[in-house]
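Colleague: Got a minute to go through this model with me? I'd like to hear what stands behind each label.

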Amino acid sequence: MAIATEMSPAEWEVMRVIWTKKQAASTEIITVLQGKRDWSESTIKTLLRRLVQKQILTTTAAGRKFVYHPQVSEKAAMAQTASELFDHLCAMKKGGVLLDLLAQTTLSQADIKQMQAVLAQKLPTAPEHVACNCLGDADSCEGACAEK
């Protein structure tokens, strides 16, 4: 099974090209990436090989070239990565992190409307406070984690 959280930042760059193209030949991937980064052909081929080994990509031969196919969708990879990151954060501070991301991220009007709808749906059942999960005993760490 492909695990997106095992990808390096460079492998993410490669995957973004392949996800955008749906599938791509090694020559296409190399051309695009060399236009964006100062990477050699051998570096890109090494990244492709690693992604195949991690089962994030599969490859098929098309004549004398290889075509790479994603085995995990971009949406699934982003969700896996974000979920794993948020699993490491203090439960009390996740909202603050999301607020910072919202403030720093360019969003479309459609994205904002969707977020507003989700927040409106969650508001009636949201707790007054989120309990801390850092020390395993919410009462013992409220003071330390309460500062945002």
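Modeller: Sure. From the N terminus on, the elements run α-β-α-α-β-β-α-α-α-α, where helices (H or I, at least four residues) and strands (E, at least two) are DSSP runs numbered from the N terminus. This is a predicted model, so local features need pLDDT of at least 70 and side-chain atom pairs 80 or more, while totals for chains, interfaces and linings use all residues. Residues are numbered from 1 along each chain as its sequence is written, and side-chain values use heavy atoms, without hydrogens and water.

Colleague: Why is the chain called more spread out than a compact globule?

Modeller: Its radius of gyration is 20 Å, well over the 15 Å that the globule rule gives for 148 residues, so the label follows. The radius is taken over C-alpha atoms, and the rule is 2.2 Å times the number of residues to the power 0.38. The C-alpha trace spans about 65 × 35 × 30 Å along its principal axes.

Colleague: What makes C90 count as buried?

Modeller: Buried means under 20% relative accessible area, exposed over 50%, partly exposed in between (1.4 Å probe, protein chains only). C90 has 11%, so it counts as buried. C132, at 6%, is buried because of that cut-off too. Buried residues make up 24% of the 148 in the chain.

Colleague: And why is there no bond between C90 and C134?

Modeller: A disulfide is a pair of cysteine sulfur atoms within 2.5 Å. The sulfur of C134 is the closest cysteine sulfur to that of C90, but at 3.4 Å it is too far for a bond. The search of the whole structure finds zero disulfides.
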